[in-house]
Structures are given as C-alpha cells and as structure tokens.
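This briefing is for a reader who is new to the structure shown below. It goes through a few topics in turn, with short points under each.

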Amino acid sequence: MLNPKYEMVIGLETHAELSTESKIFCACKNEFGSEVNTNCCPVCMGMPGSLPQLNKMAVEYAIMMGHALNCEINLVSKMDRKNYFYPDLPKSYQVSQVEQPICGKGHIDLYVNGETKRIGINQLHIEEDTAKLIHEDDATLIDFNRAMVPLIEIVSAPDFRSLAEVEAYLDNIKAILEYLDISDAKMQEGSIRCDVNVSINEVGATEFGTRIEVKNVSTFSGALRAIEYEVARHIEILERGEEVQSETRRWDDMKGETIPMRGKEANDYLVFTDPDFLPIVLEKSYVDELKTRIPTLPNERVIKYVTEYSIPESEAAVLSHSKSRSDFFEECVTIGNATPKSLANWVLGDISKIINDGKFTLSDISPQSIVEMVRNIESGKISNTAGKTVLDELFTTDKSVEQIIADKGLAQLNDTSALEQIVADVLAANPKTIEDYKSGKTNVLGFLVGQCMKASRGTGNPQILNDMIKGILDN
Amino acid sequence: MKTISIKDDICIKGELTTCGSKMLANFKPPYNATVVDKLAAACFNVIGGNTMDENSSIDADFALCSDHAGLARRFAMANSLIALKPTYGSVSRYGLITPAPSLDQISPIGKTVRDVAELYSVICGMDERDSTTVERDYPNFCENLDKGIEGIIVGTAFCRPQQNILGGKMPPLQKTIPIELPSIEYASTVFQIIAYAETFSNLARYDGIKFGYRSENAATLAELYENTRAEGFGYDTKKQIITGAIALSRDNRHLYYDRAIRGRAKLCAELDNAFAQSDVIITPLDDSWTVIPNLTGCPAIAVGGIQIIAPKFSEELLFRAARTIEIAGGDSNA
C-alpha cells in the first residue's frame with residue numbers, strides 16, 4: 001500500500017475449469033491441448049436446434065468445492081442465460097447460474113501474516129467456458145475445443161484488505177482444487193482465471209469507494225499486479241481531487257496495465273432462466289454423502305502446522321499445498337517420537353529434492369523409516385549429514401535405518417579422542433582459514449566444522465567438533 | 001410407405017433446413033432432429049424442407065410442424081386437418097430450430113384423429129438430448145381411441161360474445177360445465193413478451209460468425225454483427241428481437257418480463273383450478289386460447305374448428321375426446 005491514508009477493498013471472482021471427462025453440456029472430450037476444433041459438436045458450436053445436456057460430474061465437483069468452502073448447498077438451483085455478443089461465444093449467450101446458484105454463502109479461513117483471516121464466499125456456481133480466439137496478423141480464428149468446458153466461478157465477498165491475503169486465497173483455492181482432484185488448476189493452461197474487483201477508501205471510512213472490475217487476469221501474479229496498478233491509479237485520481245468512475249477494465253499482462261473496456265451502463269447481460277434446462281434438484285443425502293469425501297484441506301492444515309507444530313507460516317503453506325507431501329508428513333507426525341518441525345524440514349528439504357528430480361516418489365519410502373531416521377538424528381546417534389546418506393539409501397535399497405547406519409558406519413562419533421586426528425588434519429590443511437579466524441572472521445568456523453564432517457564421512461558430532469576447533473584456535 | 005411432410009425448421013441431416021429465412025438459406029445441419037430419427041426407424045418416408053403457414057397445404061399423409069404461437073393448430077384448422085400440441089416435455093425438441101424453447105413443441109398433424117395418435121405414438125418419449133423431456137410410460141395412443149368419453153366432465157370455455165363455440169355441433173357428451181380463466185385477456189400479451197424475450201436470445205447465435213448468412217459489407221466486428229443481422233432477418237423477426245431485448249433489459253424487466261413470468265404462473269394456476277372441475281376443456285381457437293396450451297405446457301388438439309385442452313400427459317383422453325367430436329362432425333372414417 002503506497003499511501004497509508006487509504007485502505008484497499010478487494011473482491012475476487014475466480015474461475016476454474018473442472019477436469020471432468022466430457023464437457024458440461026455435451027459428450028465432447030474435455031481435454032487441453034488437442035488439435036484445434038477436434039473436440040466439438042453441434043451442441044458446443046451452438047448450432048440451430050441443438051440442445052444442452054447437463055454433465056452430472058460437473059455438478060458433483062461444484063458441490064464438493066462448495067463443501068470445501070463451507071457453502072450452503074442449494075438443493076434447487078437453475079441455469080440462466082447471460083446474453084452478449086462476442087465471437088468466442090457460439091450461442092451469443094453464456095449459460096451460467098446468476099439468480100439461483102448451486103452454492104450460496106460460505107467462507108474460507110486463511111493464515112496470513114501471523115493471524116487467521118476469514119474471507120467470505122458470496123456464491124459458487126457452474127457455467128460454460130467460451131471458445132478460444134487465436135489472433136493472427138490478418139485474421140482471428142476460433143478453437144471450439146474450449147467451448148462448453150465446465151467451469152466453476154467462486155465469488156468472494158469484498159473481504160481482502162492486502163495483497164498478502166489475495167495471494168494466500170488464490171494459493172489455497174488452487175491447492176483445494178488439487179486436493180479434491182476436480183481441476184488441473186494449471187495457470188499456464190488457463191484452467192484458473194480471475195476477475196478482480198477493486199475499490200479504495202480512506203482508512204476509517206464507513207463506505208467503500210467506487211468499485212471497478214478488472215477482467216481477463218490469467219495468472220496469480222497478474223492478479224496481484226493488477227490490484228497494485230489499480231490501487232495506485234485510484235489513489236492518484238483521489239489525490240487529484242477527482243472521482244473514480246465505475247467501469248470494467250481489462251488487464252494487459254504484457255504492458256502491466258489495465259485498459260478501459262466498457263462503462264457500467266453497457267454491463268447488462270439481459271439475464272433470464274434458460275428454458276432448455278429443468279431446475280437442478282439435489283437429494284440431501286447425496287449432498288451430505290459428498291461432504292464425507294472432503295479431506296482436511298490445505299488452509300486448515302496450515303493453521304494447524306503453525307499453531308500446533310510451530311512450523312513457520314511460509315513453510316507450512318508450501319508443505320500443505322501438496323496433498324501427497326502433506327499426507328506423508330501427517331503420517332510421520334502420527335507415528336510420533338520425532339518433532340514435527342524436523343519432520344517438516346526433511347519432507348520439504350531433502351525428500352522433496354529427491355522426488356523433484358523425478359526418479360522416485362513418496363511411495364518409495366515409508367513414513368516409519370523417515371521417523372526412525374529423524375529420531376536417530378534427534379537422539380544424537382547420527383548427524384544430520386549422515387541422515388542424508390540414510391535417506392538416499394532408503395530410496396534405493398530395502399534396508400532398515402538401523403542396517404544402513406551399521407553398514408555405512410554412520411553412528412556419530414561423540415568421543416573426542418576419535419575426532420582429534422581429524423581436527424588436527426583439517427587444521428593443518430587450512431592455515432589460511434586459521435589466519436582469517438584469528439583476524440576476526442569467526443564465521444569461518446562453520447567451514448572448518450564442515451571439512452571435519454566431510455573427513456569423518458558425516459559421523460562426527462558437529463557440536464563437539466565445533467567446540468574442539470574453537471578450543472584449539474582460541475588458545 | 002407413409003409419407004410425412006416436415007417443416008423446414010426441423011433439422012434433417014445434410015438437407016437445407018432454412019426456417020424460410022435468408023439467415024439460414026445455406027444451412028445444412030450435420031444432424032437429424034430426434035423426431036426425424038424416430039420417423040425413419042418407424043419406416044416413414046420423410047419429405048423435408050416444407051414451409052407451412054395458414055395459406056399453404058401439404059401433399060402427404062402426415063405432417064410435423066413446430067407449434068410456435070399455435071401455428072400447427074391454425075394450419076390444421078385452415079386445411080381441415082387435425083393437429084396436436086403435445087404436452088411440453090413429451091416430444092424431443094432436439095433439432096427443432098425454435099425461437100421460443102419454453103413455449104414451442106413439435107406438433108403431429110394428420111387427416112384423422114387416428115393418424116395424429118399414431119404419429120404422436122412414434123415421436124413421443126424421453127430423449128437424453130433434450131433435458132426438458134420427461135421419462136414415463138407412453139402407451140400406444142391408438143388403442144383406446146374409440147372408447148368414448150362416458151363419465152368425463154367437459155368444461156366449455158365461452159368466447160366473447162357469449163356463445164357456444166361448438167355452434168350446435170355438440171356431441172352427446174355426458175356432462176358439461178362452463179369454465180372461465182379470469183386472466184385469459186392477458187394471455188396473448190404474456191405469451192408475446194415471453195416468446196419475444198426467448199426469441200431475442202435464441203436468435204442471437206445468428207451473428208455471421210459460424211454458420212448461416214454473413215454480410216459482405218463489414219469492415220469491423222460490430223459492422224459484421226449489425227449488417228449480418230440487418231440484412232439476414234425479416235422485419236417481424238427484428239421487431240420481436242428488439243421487443244424481447246427491451247422486455248429483458250435491466251431498467252424494464254420488472255415492467256415486462258418479470259410480470260409476464262408471474263402472469264404465466266397465474267394462468268397455469270387458473271387452468272389447474274379449471275381442471276379440478278373438469279377433465280377436458282373445449283375452447284375456441286382464438287388468439288388468447290391458442291396460446292394457453294403453450295404457456296401452461298398442457299396438451300391441446302385442434303379438431304373440427306375448436307380446441308380441446310387436457311391436463312399434462314392426458315393425450316390418451318384428449319384423443320378420445322377428439323375422436324368423439326370427429327364422429328359427431330360426421331367424419332367417422334378411420
């Protein structure tokens with residue numbers, strides 16, 4: 001926030017493509033990256049006389065997301081038409097849910113900057129995606145593969161007061177979609193997009209300022225930049241003594257600016273109930289059953305990790321956003337006898353590194369062996385460095401932690417007499433470093449300990465080594 | 001082989017299906033309407049691409065025609081034929097190029113009540129491709145045609161001036177009672193507002209982008225839309241589209257569209273009330289009564305210059321009543 005005199009008020013409309021097998025109103029494949037215009041039919045091309053058939057899976061996915069966001073699920077909802085002309089809209093109307101959405105009010109709790117913040121959800125509904133326009137030098141072409149891909153739109157309340165809150169919200173929405181396995185949630189493929197509502201008011205004001213809507217934001221960073229841009233623009237306008245005009249603007253990600261699209265008065269979609277659908281009527285038992293399928297969600301996990309396990313906020317966020325890693329971590333914690341904080345460090349650090357290299361997956365190691373390894377480190381039986389060797393072996397062999405420690409001779413040397421020769425050799429080999437230390441650069445101590453650790457193949461106790469070297473050099 | 005004439009707003013794969021409009025003058029659908037598939041399976045010889053209005057006639061054993069604003073029933077009346085407006089949701093609309101989806105149904109037309117019953121038996125039924133169709137047992141409607149309507153209470157709606165619309169041709173009915181719909185005078189207006197609002201939306205797809213007519217005189221996207229639609233639609237269609245858009249617009253919908261929706265609900269309730277007192281209702285085929293079956297979804301049959309309306313999914317009773325009048329009118333063949 002540039003000027004402390006003002007406060008930003010942000011609301012988000014987040015669209016996510018659902019990863020159903022087929023499209024929302026026809027049997028065409030819902031698939032990203034197919035050859036253009038191969039996944040289309042008379043229905044998704046809006047041909048005369050064609051009629052839509054609602055995909056039940058899209059409804060199910062929307063209800064699950066509604067549960068995840070603590071929404072009221074409406075047992076009766078309906079489909080509406082939003083009428084407007086654009087070449088990417090084959091029927092010249094978009095089928096959406098405006099008047100009676102499938103999910104009503106809800107909320108999501110986020111952990112942001114040391115506290116829990118509740119963001120209200122106004123509604124969540126299903127709708128169809130538009131076709132994709134491909135702009136070439138002398139022509140605009142249309143790819144109908146994306147037309148009628150199922151979308152959910154999540155409309156938040158204007159509850160965001162900082163960019164950090166927006167970022168945490170978007171990260172969590174993406175993570176929840178992945179947890180529920182209902183969307184590919186890939187920004188680069190356009191499977192999550194958002195419209196941003198921005199207004200600013202003076203701190204303490206009783207009313208919100210004039211709201212503008214920024215459309216076409218296709219990346220999370222774009223959303224944050226668009227908000228920053230608009231907030232700065234609004235402040236400038238207000239500081240000049242002028243008024244912000246209500247309008248819809250478009251975000252240009254390349255230029256990093258918003259461009260006027262249309263005024264408020266043009267924004268009439270002539271909405272009415274789509275007569276080609278019957279109302280969507282849900283059984284309460286079905287809706288309740290879906291609720292039982294919702295796992296503990298990443299936003300809830302972050303709060304638990306920070307408050308119960310003392311894991312730093314940023315690490316808790318990274319850990320919880322991958323369900324497989326987070327589940328693995330929680331299994332480890334349940335086994336017990338190792339501090340959650342160390343377990344988190346291992347899961348986020350070396351274990352993630354090995355998995356990200358692509359050769360192994362979490363299923364190649366057991367939570368039991370990781371807990372045992374961390375337990376050995378925490379009890380001082382092996383060093384942290386030796387732990388890395390154990391981890392490598394756990395991925396590549398079937399040996400137990402105990403066996404690996406024995407076979408590799410990794411048990412930590414806590415006996416100073418056994419370490420004396422190593423320390424002497426390292427000091428003899430690094431006269432320059434010793435000079436640096438004596439001239440006041442005491443941070444080189446870590447380097448010397450590292451060298452000793454290396455020489456001991458990770459079996460030296462780094463704390464004992466540290467004390468030994470310090471003792472020699474300081475005398 | 002029985003021949004059937006299909007109106008040019010029902011899609012036949014690979015054949016020009018133009019709705020008699022310049023906008024679709026070049027449109028050959030890559031799909032059959034569901035009813036066309038059903039007719040083919042029942043070994044009907046389908047003759048497509050026909051225009052039908054009150055001044056035309058058909059040269060076939062049967063016909064299918066959209067019943068927009070009572071067209072099929074008026075066509076039947078003008079040609080001394082019989083037409084059924086089926087219960088909404090009993091005949092698939094997939095492949096019917098319709099301006100008003102909540103009002104229109106495909107109507108079977110024939111020379112006798114039996115013909116219409118036979119044709120309806122072929123085309124009715126739930127269709128996955130039309131979500132508004134209803135799953136239920138649809139009997140063979142020819143079987144009980146001649147059972148008569150003994151014990152059936154017939155409601156008679158009188159038109160202004162008060163006169164028995166049957167003009168003395170009343171068959172030997174068991175019992176008649178007079179019926180009134182208090183809001184009947186608003187029916188035409190309610191129908192028009194809803195029909196035009198839906199027309200505005202359903203015809204919006206004709207934009208010169210994907211299929212149908214495209215104006216040659218366009219330098220910009222806005223011009224492409226404007227000129228395509230200005231050149232491709234006729235005067236009446238344009239008038240309906242604009243009226244519909246006004247009826248739906250933010251500033252006006254509470255005056256027009258919302259009121260029409262309430263009016264429709266009221267007329268439905270009034271007709272339900274009428275059916276609490278009678279089993280079928282005989283009405284004139286004037287503007288107001290013609291649109292009642294479209295607004296309420298109830299089935300109606302045009303026979304002998306009058307209309308009979310029945311509760312939803314009561315086609316069997318409707319055919320029996322129509323057959324009774326057909327016989328009373330002296331036409332007892334079939």
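**Briefing**

Outside its close sequence neighbours, up to four places away, A:Lys341 touches A:Tyr309, A:Ser310, A:Ile311 and A:Pro312. The model is predicted. The points below cover the surroundings of A:Lys341, the domains of chain A, two residues with positive phi, A:Asn70 and A:Asp181, and the second largest pocket.

**A:Lys341**

- A:Lys341 belongs to helix H8 of chain A, which covers residues 340-356.
- Its relative accessibility is 34%, so A:Lys341 counts as partly exposed, the class that runs between the 20% limit for buried and the 50% limit for exposed.
- A:Val306 is 35 residues away from A:Lys341 along the chain, and 9.9 Å separate the C-alpha atoms of the two.

**Domains of chain A**

- Three domains are assigned in chain A: domain 1 spans 6-292, domain 2 spans 322-399 and domain 3 spans 416-474.
- Taken over C-alpha atoms, the centres of domain 1 and domain 3 of chain A are 59 Å apart.

**Positive phi in chain A**

- A:Asn70 is not a glycine, yet its phi is positive, at about 55 degrees.
- The loop that holds A:Asn70 runs between helix H1 (56-68) and strand S2 (76-77) of chain A.
- A:Asn70 has a relative accessible area of 39% and is therefore partly exposed.
- A:Asp181, also not a glycine, has a positive phi of about 55 degrees.
- In chain A, the loop between helix H2 (163-180) and strand S10 (192-202) is where A:Asp181 is found.
- With a relative accessible area of 58%, A:Asp181 is exposed, because the class begins over 50%.

**The second largest pocket**

- The volume of the second largest pocket is about 1,100 Å³.
- Its lining has 36 residues, and those nearest the centre of the pocket are B:Lys7, B:His68, B:Pro99, B:Thr237 and B:Gln240.
- Four helices of chain B each give two or more residues to this lining: H2 (71-78), H4 (187-202), H6 (235-248) and H8 (287-296).
- H4(B) supplies the largest share of the lining, 6 residues.
- By residue type, the lining of the second largest pocket holds 15 nonpolar, 14 polar and 7 charged residues.

Definitions and conventions
Residues numbered from 1 in each chain as written. Chains lettered and ligands numbered in written order. Predicted model: local features only at pLDDT ≥ 70, side-chain atom pairs only at ≥ 80, totals over all residues. Heavy atoms only, no water. Domains from an automatic or database assignment. Buried < 20%, exposed > 50% of the residue type's maximum accessible area, 1.4 Å probe, protein only. Contact = heavy atoms within 4.5 Å. 1 Å grid on protein atoms, 1.4 Å probe; cavity = no way out; pocket = protein on both sides within 12 Å on 5 of 7 lines; lining within 4 Å. Points joined across faces, edges and corners; volume = space filled by probe spheres on them. Nonpolar A, V, L, I, M, F, W, Y, C, P; charged D, E, K, R; others polar.
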